[in-house]
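I sat down with this model to look at its charged side chains and its surface. Here are my notes, in the order I made them.

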Amino acid sequence: MDIVGFLKSQFICHLLICYIFIASGLIINFIQLFTLVLWPINKQLFRRINCRLAYCISSQMVMLLEWWSGTNCTLYTDPESYYKYGKENAIVILNHNFEIDFLCGWNFCERFGVLGSSKVLAKKELSYMPIIGWMWYFLEIVFCKRKWEEDRKTVMQKLLNLRDYPENFWFLIHCEGTRFTEQKHQISMQVAEAKGLPKLKYHLLPRTKGFAVTVQCLRNVVSAVYDSTLNFRNNENPTLLGVLNGKKYHADLYVRQVIYILILFGTQKRIPLEEVPKDEQECSSWLHRLYQEKDAFQEEYYRTGTYPAVPIVPPRRPWTLLNWLFWALLLLYPLFKLLINMINSGSSLTLASFAFVIVMASVGVRWMIGVTEINKGSTYGNNDNKQKQK
């Protein structure tokens, strides 16, 4: 292992990265709080400012993937559609198989300049999480309780509020509703058999109601649907801890074109929104057919390791790195100055307090990483699908 790789694997480096992220994130959350005064005066200015503030937080995560771990990303898509990415509003359908699939989705957004304004359909519990959850609140993210009877009215209202959004945005949606696990897949396929739906080998059954309402509410705002299926070369199982340790992964975003070197793999297919049915039942059937196609893509990938496509490498933008360096320079100096003063004081109580803070910070870092781990994910999809069978 070279010296750079060794340093990337050291816990002290991880602690400093997390310190910068947490400290800068809380500062930005605090600034966002003051932007609320703009909402009744100039709503669009409020939105534009919060897009930039949100970028300062989310781009730090993308920086870890692009610059710290050095993960390669290649897009495989129709060249004619490629030039429209980032220049139009779109709904992006993502599968949910990996611990860092959310980070790969953000990376895709960053390459086309819509990271700060990207939207998601997220579970309500995330809105209470400091930094990212609070950032999403100011971005008008659509939160749901995963109980459709309670969620429908709220979700529709939140989506309708986005119709006059001043920035180009991508609405990222995991139609499966939860991360893929073998247990959840087994239960999901039992539901498919009970309902007479086609079985899927590599995906869970899509939750069609949320997607149908999203299309209904954003039909005249969004230009297209991008279908994206994420996978990794050599059966790699990427983790946030691996990224933090500087491990390099290989990533692709496939759009019906050939992979010349398999990196983080995804399928990107441009679908004009006019082709998505307006009727909820027809929209549901359309989405189920789409997931059968996604399953076929995965089958082809696992069988041959290639796809018939021409690779396009979106340029890696410097802004994620520059943003992180700005916050690092701003926050590390007072930290080191404080540490020097504490050491010079020679106070046992001061040093014990510092040691306690380090321990708590370590616990906090491990908790944040644990949120992304599949084996600690939600039970949504285990119990919920069982109830549907009754």
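**A buried aspartate without a partner**

I started with aspartate 151, which is buried yet has no salt bridge. I looked for the nearest side chain of opposite charge and found lysine 145, 6.3 Å away. Since a salt bridge needs the nitrogen and the carboxyl oxygen within 4 Å, I left this pair off my list. I should add that this is a predicted model.

Where does aspartate 151 sit? I found aspartate 151 in helix H7. I then checked what its side chain does reach, and it is the backbone nitrogen of lysine 145, at 2.7 Å. So lysine 145 appears twice in my notes: its side chain is the nearest of opposite charge, and its backbone nitrogen is reached by the aspartate. Leaving out residues up to four places away in sequence, I noted that aspartate 151 touches Cys144, Lys145 and Arg146.

**Salt bridges**

Next I asked how many salt bridges the structure holds. I got 14, and I picked a few to follow up.

Arginine 48 and glutamate 167 meet through their side chains in a salt bridge, with 2.9 Å from N to O. Arginine 48 belongs to helix H3 (residues 43–68), while glutamate 167 is in the loop between helix H7 (148–161) and strand S5 (170–174), so this pair ties together parts 119 residues apart in sequence. I checked how covered each partner is: arginine 48 is partly exposed, at a relative accessible area of 37%, whereas glutamate 167 counts as buried at 16% relative accessibility.

My second pick was aspartate 227 with lysine 294, whose side chains form a salt bridge at 2.8 Å, N to O. This one also links distant parts of the chain: I placed aspartate 227 in strand S6 (residues 224–228) and lysine 294 in helix H11 (residues 280–304), 67 residues apart. Are these two buried or exposed? I found aspartate 227 buried, and lysine 294 buried too.

I stayed with helix H11 for the third pick. The side chains of glutamate 300 and arginine 303 meet in a salt bridge, 2.9 Å from N to O. These two are 3 residues apart in helix H11, so about one helical turn separates them. Glutamate 300 is partly exposed, with a relative accessible area of 27%, and arginine 303 is exposed, at 60%.

I also wrote down a network of salt bridges that links Lys43, Arg47, Glu140 and Asp164.

**A nonpolar patch**

Turning to the surface, I looked up which residues form a nonpolar patch. They are Phe30, Leu33, Phe34, Leu36 and Tyr137, with about 550 Å² of accessible area together. Helix H2 (residues 11–35) gives the largest share, 3 residues. I took a closer look at phenylalanine 34, found in helix H2, and it is exposed, with a relative accessible area of 53%.

**The whole chain**

Last, I collected some totals. The protein has 14 helices and 9 strands, and 53% of its 390 residues count as buried. For contacts between residues at least 6 apart in sequence, I noted that 78% join residues at least 24 apart. The protein exposes about 18600 Å², and carbon and sulfur atoms supply 61% of that.

Methods: Residues are numbered from 1 along each chain as its sequence is written. This is a predicted model: local features need pLDDT of at least 70, side-chain atom pairs count only at pLDDT 80 or more; totals for chains, interfaces and linings use all residues. Side-chain values use heavy atoms; hydrogens and water are left out. Helices (H or I, at least four residues) and strands (E, at least two) are DSSP runs, numbered from the N terminus. Buried means under 20% relative accessible area, exposed over 50%, partly exposed in between (1.4 Å probe, protein chains only). Lys and Arg count as positive and Asp and Glu as negative; His and the chain ends are not counted. A polar contact is a pair of N or O atoms within 3.5 Å; within protein, one must be able to donate a hydrogen and the other to accept it, and residues adjacent in sequence count only if both atoms are side-chain atoms. Contact means heavy atoms within 4.5 Å. Patches are made of residues with over 30% relative accessible area and no salt bridge: like charges are joined within 9 Å, nonpolar side chains (Val, Leu, Ile, Met, Phe, Trp, Tyr) within 5 Å. Accessible areas come from the Shrake-Rupley method with a 1.4 Å probe; for residues, only the protein chains shown count as cover.
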